[in-house]
Amino acid sequence: MNINTKYFGEISIKDEDVIHFPHGIPGFLDEKEFALLDLEDNPVFQVLQSISNVSLAFIVTNPYHFLKEYEFELDQNTMELLHIESEKDVVVLSIVSLKDPFEESTVNLQAPIIINNTKKRGKQYITNINEFSTKVAIFSQNKSFQVKED
């Protein structure tokens, strides 16, 4: 299928690569189908692109690239909604807020995107863990995450 994208223009994706978000994404509840697109020559960041809304695209990254000790537990409802049977089915992504300069960009650790990569089902999961922020600096002086204050 061909889709129009925010960053790549019109591209072709396979039907089986479409990720279904049964409840949409907070703030975009009617948007239920997305594609995860790679950025050429950049293995760290990807684009989560809405299939039906060209302007709705999130830059995402695997938070474990930057913070190895990041962890949380999924509740049973989420496990059932996403049909998760094994930890190896799960992909965890964080939405990136791009800043200028890029070094000031942040990620949302409070509400990661959880994808069952086997069943192609996803959800933005609100962790409710106070130590995780929605604005954690990707880069800092010591190369670790830091909470970014507004």
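Visitor: Which residue of S5 is the bridge partner of Asp-38?
Guide: In S5 the residue that bridges to Asp-38 is Gln-46. This is read from a predicted model, in which local features need pLDDT of at least 70 and side-chain atom pairs count only at pLDDT 80 or more, while totals for chains, interfaces and linings use all residues. Residues are numbered from 1 along each chain as its sequence is written, and side-chain values use heavy atoms, with hydrogens and water left out.

Visitor: What makes S4 and S5 paired strands?
Guide: Strands are DSSP runs of E with at least two residues, helices are runs of H or I with at least four, and the numbering starts from the N terminus. Two strands pair if DSSP finds at least two bridges between them; 6 bridges join S4 (residues 33-39) to S5 (residues 42-50), and therefore they count as paired. They run antiparallel and form a hairpin with 2 residues between them, where Asp-41 in the turn has a positive phi of about 60 degrees.

Visitor: How do you know that S5 also pairs with S6, and in which sense do they run?
Guide: The criterion is met by 5 bridges between S5 and S6 (residues 57-61), and the two run antiparallel. Gln-46, the partner of Asp-38, has Val-60 as its bridge partner in S6, and the hairpin that joins S5 to S6 passes through 6 residues. S6 in turn pairs with S7 in the antiparallel sense over 2 bridges, with Val-60 standing opposite Ile-95 in S7.

Visitor: Why is S6 called largely enclosed?
Guide: Buried means under 20% relative accessible area, exposed over 50%, and partly exposed in between, with a 1.4 Å probe and protein chains only. By that measure 5 of the 5 residues of S6 are buried, so the strand is largely enclosed by the rest of the structure. In a regular strand the side chains alternate between the two faces of the sheet. In S6, Ala-57, Ile-59 and Thr-61 point one way while Phe-58 and Val-60 point the other way, and all are buried.

Visitor: Which side chains of S1 are buried, and which are not?
Guide: Along S1 (residues 2-5), Ile-3 and Thr-5 point to one face and are buried, whereas Asn-2 and Asn-4 point to the other and are not. S1 is joined to S2 (residues 9-12) by 4 bridges in an antiparallel arrangement, with Gly-9 as the bridge partner of Thr-5 and 3 residues between the strands of the hairpin.

Visitor: What makes a set of residues a nonpolar core, and which members of the largest one touch the most others?
Guide: A nonpolar core is a set of buried Ala, Val, Leu, Ile, Met, Phe, Trp, Tyr and Cys residues joined through side-chain atoms within 4.5 Å. The largest has 26 residues, of which Ile-13, Tyr-70, Phe-72, Leu-109 and Ile-114 touch the most other members. The elements that give two or more residues to this core are S4, S5, S6 and S7 (90-97). Apart from it lies another core, of 12 residues, among them Ile-19, Ile-25, Leu-93 and Ile-115. In soluble globular proteins, nonpolar side chains tend to be buried together.

Visitor: Why does Ile-84 count as buried?
Guide: Its relative accessible area is 11%, and therefore Ile-84 falls within the buried class. Ile-84 lies in the loop between helix H1 (76-81) and S7. Leaving aside neighbours within four places in sequence, its contacts (heavy atoms within 4.5 Å) are Leu-74, Met-79, Val-90, Ile-114 and Asn-116. The C-alpha atoms of Ile-84 and Asn-116 are separated by 6.3 Å, although the residues are 32 apart along the chain.

Visitor: Why is Asn-128 called exposed, and why is Leu-98 called partly exposed?
Guide: Asn-128 has 60% relative accessibility and so counts as exposed, whereas Leu-98, at 49%, counts as partly exposed. Asn-128 sits in the loop between S10 and S11 (136-137) and has a positive phi of about 60 degrees although it is not a glycine. Leu-98 belongs to the loop between S7 and S8 (106-107). Pro-101 is found in that loop as well, and the peptide bond from Asp-100 to Pro-101 is cis, with omega near 10 degrees.
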